[in-house]
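Student: Could we go through this model together? I would like to learn how each label is earned.

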Amino acid sequence: MKKTMTTFLAILLGLVCQSVAIAQTKAMSFKFDQLHDDIDESRLYVQPMTIGSDAPTVQLTRSGMTFAANVEPSAIGLYRLIHICQQRQTIVPVYAPATASDISVGMTFYDGVPAANDNADNRALSAMSRAVADADRHFWQSKSSDAAVLKAQLKRYAEVADSTLAAFSCSPTVAQYIKLWGMTSAYSSFISLPSKLRVASSELSLKADEVIGLSAEVVDVPMATLFPITATMVSASLPRKSPLSVQLQSLYDNYHCHELTDMVSASLVEKYVSRFDYQNKYEEGVAELTTATDKFGLDRKFLNTFMANRSTIKGSPFPKEVVLKDADGNTMDFSQLKGKYVYIDLWASWCVPCCREVPHLQKLESELSNSDVVFLSISLDQKVDAWKKKMADLKVHGHQWIDAEGKLGKALNVKGIPFFLIYDKEGNLYMYDAPRPSQGEGLSELLRGLH
């Protein structure tokens, strides 16, 4: 009887949990008044816009003229409708008040792209989507490098936002979203100028504040965090080339929305940690980051990561938390190479420059006459099969290990591969960012001199 009751309670609890899960979703449908010719090749997805977290993206199921699914509700009523057809992806925001039970959005196709047409809010969002796409095309297709022309192109984003809001009577939520959309789109294009013009950032004649019009009144809201570029945009407005604490103080003095300040401060500190000169200023950096963490209440994970990156300093031991395995799946201990200088190649099967270095590395290894030096290649591949296949293709030999848990690159603050290091006979770092094999005789001389 006791077992039966326990089973009954378990089933009941499962049904309750299932009903709670169901209650946390809303039925959402998109009803089209027409379908384009490629509709059978189209896929539609919907993702709730949530502040502070990423909601799951759900594929919509088609039935006649309607696409539908159960979706987690957005607390602010905004959703991304994602349309994929023939390798082209289009994202159209739609709005449904958070108070609505089930959601039905009237849709049409405009030049093969979904557009909502059921109310002023959604017509405004779809119109803004088309206007931003048009502004993007105009920006990238233009060949002019004239400052006045570029300025006009960048200001166009704010203009289309203003004209969209003038044309439609929008709810405050949608109006705020459209203003942010225009501002962040302008900034995204602005930071693309060096690539577009093929010049260094320092050579630009335009400044961000001349064309963006960054407004704390517009940006200092939780909704701004829906646009990832906001962190970069706000960071760029803070004192340049100033200590971290000065930048953070300026951030908190000028912005007060904690969702925004959390996002931007994290971006600032991540940049600080990733670009710091650990070789020469480690103790200074620990002191500065500790002070900033205590003063501004930063997440201590940044300080912990910074301290872990001490492994990039000469004399630091090989990171102990890293799990390395050979091609047979055996766990390998870096200490087994103690007593030798170890020249390490960090690479991956998908990295073309890495693969180009392999013949040079194999030649160097076969020709080097110094028994005090061994060579170790460590793959940063996430897929073991791809690693093994590439090793076979390249006909590699010697010590071939893989970073089984993907921790080595972060532990050594490596931002790009191929990357090379040398450890001494005691297993401590001898040279960070060592010469590449393709650099020739200079590396050979260096390795021959190690005893």
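Tutor: Happily! Let us begin with Asp433, which sits in the loop between strand E16 (429-432) and helix H16 (441-448). Keep in mind that this is a predicted model.

Student: What makes the phi of Asp433 worth a remark?

Tutor: Its phi is positive, about 60°, although Asp433 is not a glycine. Most residues other than glycine have a negative phi, so that sign is worth a remark.

Student: Which other residue that is not glycine has a positive phi, and where does it lie?

Tutor: Arg198 is one of them, with phi near 60°. Arg198 belongs to the loop between helix H5 (193-197) and helix H6 (208-211).

Student: Why is Arg198 called exposed?

Tutor: The cut-off for exposed is over 50% relative accessible area. Arg198 has 79%, so Arg198 counts as exposed.

Student: And why does Gln362 count as buried?

Tutor: Buried means under 20%. Gln362 comes to 12% relative accessibility, so the label buried applies. You will find Gln362 in helix H13 (residues 352-367).

Student: What is Gln362 in contact with, leaving aside its neighbours within four places in sequence?

Tutor: Lys395, Val396 and His397. The cut-off behind the word contact is heavy atoms within 4.5 Å. Phe318, by comparison, is 44 residues from Gln362 in sequence and 23 Å away in space, C-alpha to C-alpha.

Student: What makes strand E15 (419-423) largely enclosed?

Tutor: Five of the five residues of E15 are buried, so the rest of the structure largely encloses this strand. Both faces are covered: Phe419, Leu421 and Tyr423 are buried on one side, and Phe420 and Ile422 are buried on the other.

Student: How do you know that E15 pairs with strand E12 (residues 341-347)?

Tutor: Pairing asks for at least two bridges. E12 and E15 have five, in the antiparallel sense, so they qualify as a pair. One place to look is Tyr343, whose bridge partner in E15 is Ile422.

Student: How many bridges link E15 and E16?

Tutor: Three, again in the antiparallel sense. Leu421 has Tyr432 as its bridge partner in E16. These strands form a hairpin with five residues between them, and Gly427 in the turn has a positive phi of about 85°.

Student: What is the peptide bond from Ile417 to Pro418 called, cis or trans?

Tutor: That bond is cis, with omega near 5°. Most peptide bonds are trans. Pro418 is in the loop between helix H15 (408-411) and E15.

Student: Why is strand E2 (residues 43-48) described as largely enclosed?

Tutor: Five of its six residues are buried, so E2 is largely enclosed by the rest of the structure. E2 pairs with strand E6 (residues 78-85) in the antiparallel sense over six bridges, and Val46 has Leu81 as its bridge partner in E6. E2 also pairs with strand E3 (residues 58-59) over two bridges, antiparallel too, so the requirement of at least two is met. In that pairing, Tyr45 stands opposite Gln59.

Student: What leaves one side of strand E4 (61-63) and of strand E9 (113-116) without a neighbour in the sheet?

Tutor: Their sheet is open, has five strands in the order E4-E5-E1-E8-E9, and shows mixed pairing. E4 and E9 stand at the edges with a single partner strand each, so one side of each has no neighbour in the sheet. Neighbouring strands here are turned by 35° against each other on average, direction ignored.

Student: How many bridges does E4 share with strand E5 (residues 66-71)?

Tutor: Three, in the antiparallel sense. Ser63 stands opposite Thr66 of E5. Elsewhere on this sheet, helix H2 (residues 120-141) lies across strand E8 (103-110) and E9, at about 145° to E9.

Student: What makes helix H8 (residues 229-236) mostly covered?

Tutor: Six of its eight residues are buried, among them Ile229, Met233 and Val234. The buried residues of H8 pack against helices H4 (172-190), H7 (216-219), H9 (244-254) and H10 (258-275).

Student: And how much of the whole protein chain counts as buried?

Tutor: Of its 451 residues, 45% do. The secondary structure around them comes to 16 helices and 16 strands.

Methods: Residues numbered from 1 in each chain as written. Predicted model: local features only at pLDDT ≥ 70, side-chain atom pairs only at ≥ 80, totals over all residues. Heavy atoms only, no water. Helix = DSSP H or I, 4+ residues; strand = E, 2+ residues; numbered from the N terminus. Buried < 20%, exposed > 50% of the residue type's maximum accessible area, 1.4 Å probe, protein only. Axes fitted to C-alpha atoms, helices over the stretch in contact; angles between N-to-C directions.
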